[in-house]
Amino acid sequence: MRVAVFSAKSYDREFLTAANAEAGHDLTFLEPQLSCETAGLLAGFDAVCTFVNDSLERGVLEMAAQHGVRLVALRAAGFNNVDLQAAAEFGVAVARVPAYSPHAVAEHTMALILALNRKIHRAYNRVREGNFALDGLLGFDLCGKTAGVIGTGAIGSVVARLLLAFGCNLVAADPVEDTALRRQGVRYAGVDELLGVSDIVTLHCPLTAATSHLIDRRAIARMKRGAMLINTSRGAVVDTRAAIAGLKSGALGSLGIDVYEEEAELFFDDRSQEVISDDVFARLLTFPNVIVTGHQGFFTVEAMHAIAEITILNISAFAQTGRPVHQVTPPRE
Ligand code: NAD
């Protein structure tokens, strides 16, 4: 199939080209993000392969279908950026990579928790400047603390097990309970109760209408004063302005995020020569107790291999049978 690969970076080219060696699809790597402005580039392609910040809203899907595109192959697990109803209406199939390496994101989540708690980001700079003072670097033992995991699917369940291994008490919130986790000592509760008892809250639910701004002012007010909030799911699960207010008042003790509501305008490119015009994001960067990483949770060799292999598998299955292996369909009304 002729596939337009949008938001293509050097690492996408490397892993997808290797995975495609046998299948032999005709991959064209394009740097721009997919949007209404760039959808014209789809002329002559059968499929489009996209990443997390490409837009697959109704207008884009309509243009894609008009150009003859029949498949959207997401090289990601989340599909909140796709209008599934519109895709179905225009006869465009949607495929995703449901699970590639939950360990990649789960381990990055632990990196954020550990770095924030022990102030590694500050210690690194201090020592390089010859400052060996410990003031301000005081952390706490993870062992014995209560961690709340919201969403115990592929990634959240690994995070829960890692935190159990650190000796934490685990509370989880998920409409679908994981019985194996329960047997390992994880207690399920509602989100409100979880927020009230957790020293660390970590988010691993998808972005849906129900989880958009799940962590807002009200939720932060319910949290233990000074608790740590971690988000490696999708930016808009947290109301960033509410998080900033919480940090300013001390309600939030620290914040670690790998995702940000308005990240599509920022992440995945070198902007070190530019002035950041997003004042909300710029404010986040001023806090000593905030760590932001640029959506790199998935970025391990193992995950990149798996994403590329499964993406090519989806495209090949669609070419042969008209159905990708991991199809995403609109939810039933
Ligand atoms: P998953 O589908 O395996 O698990 C999601 C879990 O969230 C499910 O168990 C589901 O029942 C639960 N859930 C749904 N609505 C909920 C709600 N309102 N409250 C609590 N739980 C709810 O998905 P996953 O593979 O574990 O990924 C989780 C999310 O992580 C993805 O949706 C994606 O947005 C994000 N992600 C981020 C990165 C990254 O690089 N930072 C990489 C991959 C995935």
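A polar contact is taken here as a pair of N or O atoms within 3.5 Å. In the predicted model, one such contact joins the ligand to the protein backbone, an oxygen atom of the ligand lying 2.8 Å from a polar backbone atom of Ile-155. Two side chains contribute further contacts: an N or O atom of Arg-234 is placed 3.2 Å from an oxygen atom of the ligand, and an N or O atom in the side chain of Asp-258 is 3.0 Å from a nitrogen atom of the ligand. Of the 860 Å² of accessible area that the ligand has on its own, 82% is covered by the protein.

The ligand occupies the largest pocket and is surrounded by 23 residues, of which Tyr-100, Ala-154, Ile-155, Asp-174 and Asp-258 are the closest. By residue class, the shell around the ligand comprises eleven nonpolar, nine polar and three charged residues.

Aromatic pairs in the model number six. In the pair formed by Tyr-260 and Phe-281, the ring centres are 5.0 Å apart and the planes meet at 50°, so the arrangement is classed as tilted. This pair links distant parts of the chain, since its members are 21 residues apart: Tyr-260 belongs to the loop between strand S11 (252–257) and helix H11 (279–284), whereas Phe-281 lies in helix H11.

Methods
Residues numbered from 1 in each chain as written. Predicted model: local features only at pLDDT ≥ 70, side-chain atom pairs only at ≥ 80, totals over all residues. Heavy atoms only, no water. Near = heavy atom within 4 Å. Polar contact = N/O pair within 3.5 Å; in protein donor to acceptor, adjacent residues only side chain to side chain. Areas by Shrake-Rupley, 256 points an atom, 1.4 Å probe, with all protein chains shown as cover. 1 Å grid on protein atoms, 1.4 Å probe; cavity = no way out; pocket = protein on both sides within 12 Å on 5 of 7 lines; lining within 4 Å. Sits in = over half its atoms within 2 Å of the grid points. Nonpolar A, V, L, I, M, F, W, Y, C, P; charged D, E, K, R; others polar. Phe/Tyr/Trp six-rings, centres within 6.5 Å; stacked < 30°, edge-to-face > 60°. Helix = DSSP H or I, 4+ residues; strand = E, 2+ residues; numbered from the N terminus.
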